[in-house]
Protein chains: 2
Amino acid sequence: MAAVAGEPEVIRDKAAMRAWARRRRAEGKTVALVPTMGFLHDGHLSLVSAAAAASATGPVAVVVSIYVNPSQFAPTEDLATYPSDLAGDLRKLAATGAVAAVFCPPDLYVRAGAGGSGGAVSCLEEAGCGDGHETWIRVERLEKGLCGSSRPVFFRGVATVVAKLFNIVEPDIAVFGKKDYQQWRVICRMVRDLDFAIDIIGSEIVREADGLAMSSRNVHLSHEEREKALSIHRSLVNAKTAALNGNNHSQQIKDQIVQTLTEAGGQVDYVEIVEQESLVALERIDRPAVICVAAWFGKVRLIDNMEIQTHHPDGGASI
Amino acid sequence: MAAVAGEPEVIRDKAAMRAWARRRRAEGKTVALVPTMGFLHDGHLSLVSAAAAASATGPVAVVVSIYVNPSQFAPTEDLATYPSDLAGDLRKLAATGAVAAVFCPPDLYVRAGAGGSGGAVSCLEEAGCGDGHETWIRVERLEKGLCGSSRPVFFRGVATVVAKLFNIVEPDIAVFGKKDYQQWRVICRMVRDLDFAIDIIGSEIVREADGLAMSSRNVHLSHEEREKALSIHRSLVNAKTAALNGNNHSQQIKDQIVQTLTEAGGQVDYVEIVEQESLVALERIDRPAVICVAAWFGKVRLIDNMEIQTHHPDGGASI
């Protein structure tokens, strides 16, 4: 049954998804994938818009995948409470009029094996037994540091499930949000290193009116925690202003952010200033940089970031 | 320029290779890939035959890749002396009349990064510096044991380069020799776990008239070493006969093989009897098993194996 305008086709089966995408390509369409974990907000919908506008040369068939990937959660993390609302998600996607198909697989893994990495373990492996999934993709340098320090299985799980989605949907284009900055860079590197024929688009962060970066996890913030969490964006804006005004000392800028977050009642996981592509820490902001923050407010871990472009040979920063 | 019958088109560029394969598929052909490291012998040519016969429903475009993959060699191994003869390879492939294209990339990796696994290191990483390849695929259970014990980077390198070739050629079918039994199983598992839309064919071992399994490395054997190396096949045949005659005690059978190889002057790396799909060691040959052997004759490390099918509930073995 062909999808009508505004009504995405809902596909649950891997083989059906692949066949659908191959038909679209055979019709001359560009297939653009937006991988999500559902509980969609305006940030996700901006990814859909970016996907729909991704080809200047012809029609685009946008596929949104909704799958809460167990292999990127550690057993100590919030897989069990990760929010979901499939009916609401489908309504929002239909309302865009830009989505051709929604891929909602019930499970993307065979049962996890008793073997595995021996070190860090994901929810997938914790639940598993018997003869099962054992292939993992690691982007070994970029997956370290930042979120990789406190979430040791996260990027392994992300890279692996994204490769699976790429092989099922076989898209020409895939769109990722720059709010998950390290994830976006990990995927870009994986695509380059493994020769996937896919253009990766990094889409800008979408914020609430008060500056809070949109996140499915924001729903777990109390009113008071949400107010405190505004310190993230505030501290990033101040940091960027300081950099633009000539302070290129990363440590000073990081100290100021940590102080702002801590005074607001946040518990800092990390504040780092890194080079945009390599994610290598910068002592001086003398090249394109990004300030990355992760902090807990109550039981909710939030991440955010802000890019600072530089093009002054004397190391001064500009937008 | 279209290939004429018997004259494979030689392609060196990744993008050109992908475009070529996409054109063949658009013409309704099945694309079948045979990955090799060159210095082709009749074993490789049997893979080509299997590829050419792989589709019962329509024409097949066979692509043979020739690439000596540095990332599957440790710095202590024989990358520098691995034999090559591209002109001879192209003649042999043309003579089959079954090969449509030969993919000979000069280099499949960006320069290797200074980062990496921290543990085992391949020739690729040893040579590397700067900003480069850092994405690795591991099939974590199957890559352990057998050849994985003495060659710690081998299957990581194989899985990664095969994924790259899959993403460049985008074949419908790929053919691997069962002589590299563990490699074949690693690739099958990777394809399943990462949802590659590729059928993997395992092709039977091709032997010289005297029983030696064909291998590009056989060329490095002296006449005397070659004679001694016949003990591999002889011991495997005797082991299979023993199993078929009702001896299902793996340890007894393995001991006999080790004795035969050692008496012939070989240095045993391993002799294992494992379950065919999981490669889990078997104490009793009471299910489909494979006997795997690796041994050194002089400076040449040879591998071989023999499958034993069982379908007797009492644990007896049969062909």
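The following legends describe views of a predicted model.

**Figure 1. Fold and dimensions of chain A.** Chain A has nine helices and ten strands (DSSP runs, H or I of at least four residues for helices and E of at least two for strands). Its radius of gyration, taken over C-alpha atoms, is 20 Å, close to the 20 Å given by the globule rule (2.2 Å times the number of residues to the power 0.38) for 319 residues, so chain A is as compact as a globular protein of that length. The C-alpha trace spans about 60 × 50 × 40 Å along its principal axes.

**Figure 2. Burial and contacts in chain A.** Buried residues (under 20% relative accessible area, 1.4 Å probe, protein chains only) make up 55% of the 319 residues of chain A. Among contacts (heavy atoms within 4.5 Å) with a separation of 6 or more, 69% join residues 24 or more positions apart.

**Figure 3. The relation between chains A and B.** Chain A is superposed on chain B by a rotation of 180° with 0.0 Å of shift along the axis (RMSD 0.0 Å; least squares on C-alpha atoms of residues with pLDDT of at least 70 in both). That is the relation of a two-fold axis. A:Ile137 is the residue of chain A that comes closest to this axis, its C-alpha lying at 2.3 Å. The same surface serves both copies, as 100% of the contact residues of chain A recur in chain B.

**Notes.** Residues are numbered from 1 along each chain as its sequence is written, and chains are lettered from A and ligands numbered from 1 in the order in which they are written. Local features need pLDDT of at least 70, side-chain atom pairs count only at pLDDT 80 or more, totals for chains, interfaces and linings use all residues, and side-chain values use heavy atoms, with hydrogens and water left out.

Conventions. Buried means under 20% relative accessible area, exposed over 50%, partly exposed in between (1.4 Å probe, protein chains only).
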